[in-house]
Amino acid sequence: MAHRLRPVGPGFAGTAPVRLVFEREISAAPEQVFAALAGDVTGWAEWFGPVTLARPLDDGAGREIRLRGGARFRETVLVTEAPEVYAYRVDVTNVPGARALVEEWRTTPAGTGTRARWTFAADGTAPFRLALGAARPGLGRTFRSATASLDRRLTR
């Protein structure tokens with residue numbers, strides 16, 4: 001059953017009770033990476049493995065995301081500062097126990113490529129927070145795989 005999450009702002013990415021942060025350097029330029037993140041929402045299903053559907057809503061102010069396994073998210077885009085920051089908040093989800101969730105992507109130049117940093121910031125019930133802590137290794141693998149796939153897509 002879908003439920004509404006607490007509306008939080010972009011600052012939640014730095015203050016959430018659970019913050020999972022992953023970083024990786026890739027060879028694509030920051031402008032390319034940012035364009036793929038913020039400008040090509042439907043393309044996420046092609047490079048971010050768990051995503052089965054990604055589509056913009058409300059003229060790009062929101063997103064609908066579906067993941068393998070059945071998780072669904074309706075999101076609001078919070079920050080679009082090209083080419084440095086792209087952040088969005090989950091407003092409605094069917095994930096039990098979630099109370100607030102923001103994801104923030106930061107891209108910075110790294111040599112001729114990009115350092116990509118993904119912050120997964122959340123609050124929820126105690127079981128939800130424990131599950132996220134346990135999911136850290138898997139989310140890290142997902143991030144590494146997704147950024148490698150995105151890099152191949154952008155540099156071919």
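Good morning. A residue is called exposed when its relative accessible area is over 50%, buried when that area is under 20%, and partly exposed in between. Asp-58, with a relative accessible area of 52%, is therefore exposed. The model before you is a predicted one, and I shall begin with the loop that holds this residue.

Asp-58 is found in the loop between β3, residues 51-57, and β4. Its phi is near 55°, a positive value in a residue other than glycine. Asp-59 lies in the loop between β3 and β4 as well, and the phi of Asp-59 is also positive, near 55°. Is Asp-59 buried or exposed? Its relative accessibility is 88%, so Asp-59 counts as exposed.

Let me turn to strand β6, which covers residues 85-93. Eight of the nine residues of β6 are buried, so the strand is mostly covered. Which strands does β6 pair with? Three pairings can be described here, beginning with β1.

Strand β1, residues 3-4, runs antiparallel to β6, and two bridges join them. Here His-3 has Thr-93 of β6 as its bridge partner.

Strand β5, residues 72-81, is also antiparallel to β6, and eight bridges join these two. As an example, Glu-75 is partnered by Val-90 in β6. The two strands form a hairpin, with three residues between them. Pro-83 has its place in this loop between β5 and β6. The peptide bond that joins Ala-82 and Pro-83 is cis, with omega about -10°.

On the other side of the sequence comes strand β7, residues 98-110, which is joined to β6 by five bridges and runs antiparallel to it. Tyr-86 stands opposite Trp-105 of β7. The hairpin of β6 and β7 has four residues between the strands, and in it Gly-97 takes a positive phi near 90°.

Next, please find Thr-119, which lies in strand β8, residues 113-124. Why does Thr-119 count as buried? Its relative accessibility is 2%, and the cut-off for buried is under 20%. Leaving aside residues up to four places away in sequence, Thr-119 touches Ala-13, Arg-19, Leu-20, Val-21, Val-102, Glu-103 and Glu-104.

One of those residues, Glu-103, brings us to the largest pocket. How much space lies in the largest pocket? The value is about 410 Å³. The pocket is lined by 23 residues, and the closest to its centre are Leu-67, Phe-73, Glu-103, Phe-120 and Leu-139. Several elements contribute: β4 (62-67), β5, β6, β7, β8 and α4 (126-155) each supply at least two residues of the lining. Helix α4 gives the most, with five residues. By class, 19 of the lining residues are nonpolar, one is polar and three are charged.

For those new to the subject, side chains of opposite charge can pair when their charged atoms come close. How many salt bridges does a search of the whole structure find? The search finds 12.

The salt bridge I would show you to begin with is that of Arg-153 with Asp-40, whose closest N and O atoms are 3.1 Å apart. This pair links distant parts of the chain, for Arg-153 is in helix α4 and Asp-40 is in the loop between α2 (30-39) and α3 (44-47), 113 residues apart. Arg-153 is partly exposed, with a relative accessible area of 22%. Asp-40 is partly exposed too, at 25%.

A further salt bridge is formed by Glu-64 with Arg-66, where the closest N and O atoms are 3.0 Å apart. Glu-64 is buried, with a relative accessible area of 12%, whereas Arg-66 is partly exposed, with a value of 37%.

My next example returns us to the numbering of β6, residues 85-93. The side chains of Asp-91 and Arg-89 meet in a salt bridge, at 2.7 Å from N to O. Asp-91 is buried, with a relative accessible area of 10%. Arg-89 counts as buried because its relative accessibility is 15%. Elsewhere, salt bridges that share partners join Arg-6, Asp-123 and Arg-129 into one network.

To close, I would ask you to keep two places in view. Strand β6 is mostly covered, and Asp-59, in the loop between β3 and β4, is exposed at 88% relative accessibility. Thank you for your attention.

Terms used:
Residues numbered from 1 in each chain as written. Predicted model: local features only at pLDDT ≥ 70, side-chain atom pairs only at ≥ 80, totals over all residues. Heavy atoms only, no water. Buried < 20%, exposed > 50% of the residue type's maximum accessible area, 1.4 Å probe, protein only. Pairing = 2+ DSSP bridges. Contact = heavy atoms within 4.5 Å. 1 Å grid on protein atoms, 1.4 Å probe; cavity = no way out; pocket = protein on both sides within 12 Å on 5 of 7 lines; lining within 4 Å. Points joined across faces, edges and corners; volume = space filled by probe spheres on them. Nonpolar A, V, L, I, M, F, W, Y, C, P; charged D, E, K, R; others polar. Salt bridge = Lys/Arg side-chain N within 4 Å of Asp/Glu carboxyl O.
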